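Work through the following exercises with the coordinates open beside you, and attempt each task before reading its solution.

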Amino acid sequence: MSATTAVDFRALLSTRAQIGQTVRGMIASSTRTVRTPRYEFGGGRPDPGSFPYDGLVEATARMIKEEGADALTYGDPLGYAGLRDLVCHKYDLFEGLKVERENILIANGSSHALSLAVSAFVDTGDAIIVEAPTFSGTLSMIRRHGPEILDAPVDEEGLVTGVVRERLESLKRQGRRCKLIYTIVNFQNPSGPTMSLRRRRELIALAHTYGTLILEDDAYGELRFEGEPQPSLYALDDGGAVIRSGTLSKILGAGARLGWLCAPEEMIPYLASFNFGGGVNPFMSRVAVYYMGEHMAEHVKLLIDVYRDKRDAMRRGLLELLDGTDAVVNKPEGGFFLWVKLPSRTNRQKLAELAAGARVQYVPGPPFYPNGGGEEYIRLAYSYESVEKCYEGARRLAEAILGARG
């Protein structure tokens, strides 16, 4: 009997799998600065103390009694109809935006939703435009699809549409078209600004002029602490150019893994053709509806108070020690993150070592930039730790920053 020869799966990997593994390794090595942090300011994890445990237990019991059999079998390929209706209700409640169930496709969280849109429209070698900086997780997913990634900067008004125009015009001169523009419109992750109404209108006009789509990522929109909300790109657009993503991860729990795309009705079947698996989580979809259908407004109000206090505590801890330097600590109007421009003469390697010694986790700036840059920035998440630890950990990080200056 001949000896068994092992099959080397690595020789059979798709190009996308190889790219994905490389990108995953790069991000992991550059974002996890502390192995066992005492102050977890790295990932944007929701506050575990805010989860409505008792309410979810009660909602689950009611749901099982009323819909148990349907909850435990395969679901609608577009998602549980009740959850799609809940998304419509959410948009109406918080924005006055009227959409129909037929405009909604349920996905396994907003990251999955965004990947469906990119898979549907982006091929290897296509040109797309993203913000610099932008969310590193989405950037990793986009890279797996192999497009040419063009970037445009972000300022206090959000995505700089003048640079977007330059990129689109350059592609036009080459006889090419941008397939998609990816933007985070509210409390941009990581840099924090909310896109101004002027810029929103300019971006939509550019999409129509140059025949491209906009992928509008709005994971944090309900979590506004102050300032005036702006209408979504989807609401402003009357030409079918905008696909919008959303999620319950930030207002219910990331473990729910429920997100969606909101798009023109005729686009939904094409997006759904990339959504395999027997319907997204029919069980948890129903639990979410039974709880959020009755408690959405009051629960979101509670979360706004929780996260505002954390943001303020973290900023206070940083600024008490960094005042007098040229460090810049932003003040986002909502969301989960602070974006810090380090003071001049900060040795970034020494900062990483000192922060690790203090067991403070943060994310360096470069992973958020598609084509290089960001070395002078760090991102801090205030979402997970308590108010007390946000303040205490911020002071410890500020001490590390001061100690890392040359």
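The exercises below concern a predicted model, and each task is followed by a solution in steps.

**Exercise 1.** Classify the ring pair of Y220 and F336, and determine which parts of the chain the pair ties together.

*Solution.* A pair of aromatic rings is described by the distance of the centres and the angle of the planes. For Y220 and F336 the centres are 5.2 Å apart and the planes stand at 65 degrees; since pairs count as edge-to-face over 60 degrees, the pair of Y220 and F336 is edge-to-face. Next, locate the residues: Y220 belongs to the loop between β7 (213-217) and α8 (233-236), while F336 belongs to the loop between β10 (328-329) and β11 (337-341), so the pair ties together parts that are 116 residues apart in sequence.

**Exercise 2.** Repeat the analysis for Y307 and F336, and state whether each residue is buried or exposed.

*Solution.* The ring centres of Y307 and F336 are 4.7 Å apart with the planes at 45 degrees, so this pair is tilted. Y307 is part of helix α10 (residues 282-322) and F336 of the loop between β10 and β11, so the parts tied together here are 29 residues apart in sequence. The cut-off for a buried residue is under 20% relative accessible area; Y307, with 0%, is therefore buried, and F336, with 1%, is buried as well. As a last step, place both residues in their wider setting, where ring pairs link Y220, Y307, F336 and F337 into a cluster.

**Exercise 3.** Describe how helices α6 and α7 are arranged, and which kinds of residue make their contact.

*Solution.* The axes of α6 (residues 161-173) and α7 (residues 197-210) come within 10 Å and cross at roughly 5 degrees, and α6 and α7 are therefore roughly parallel to each other. On the α6 side the contact involves T161, V164, R165, L168, E169 and K172, and on the α7 side R199, E202, L203, L206 and Y210. Sorted by kind, the residues of this contact comprise five nonpolar, one polar and five charged.

**Exercise 4.** Inspect the backbone at P133, P190, R257 and R345.

*Solution.* Begin with omega: a cis peptide bond joins A132 and P133, with omega about 10 degrees, and another cis peptide bond joins N189 and P190, with omega about 20 degrees. Turn then to phi, which is positive and near 50 degrees at R257, and positive at about 70 degrees in R345, although R345 is not a glycine. Finally, compare accessibility: R257 counts as partly exposed at 30%, whereas R345 is exposed at 56%.

Key
Residues are numbered from 1 along each chain as its sequence is written. This is a predicted model: local features need pLDDT of at least 70, side-chain atom pairs count only at pLDDT 80 or more; totals for chains, interfaces and linings use all residues. Side-chain values use heavy atoms; hydrogens and water are left out. Rings of Phe, Tyr and Trp (its six-membered ring) pair if their centres lie within 6.5 Å; planes under 30 degrees apart count as stacked, over 60 as edge-to-face and the rest as tilted. Helices (H or I, at least four residues) and strands (E, at least two) are DSSP runs, numbered from the N terminus. Buried means under 20% relative accessible area, exposed over 50%, partly exposed in between (1.4 Å probe, protein chains only). Axes are lines fitted to C-alpha atoms, for helices over the stretch in contact, and angles run from 0 to 180 degrees between N-to-C directions. Angles under 35 degrees count as roughly parallel, over 145 as roughly antiparallel, 65 to 115 as roughly perpendicular and the rest as oblique. Contact means heavy atoms within 4.5 Å. Ala, Val, Leu, Ile, Met, Phe, Trp, Tyr, Cys and Pro count as nonpolar, Asp, Glu, Lys and Arg as charged, and the others, Gly among them, as polar.
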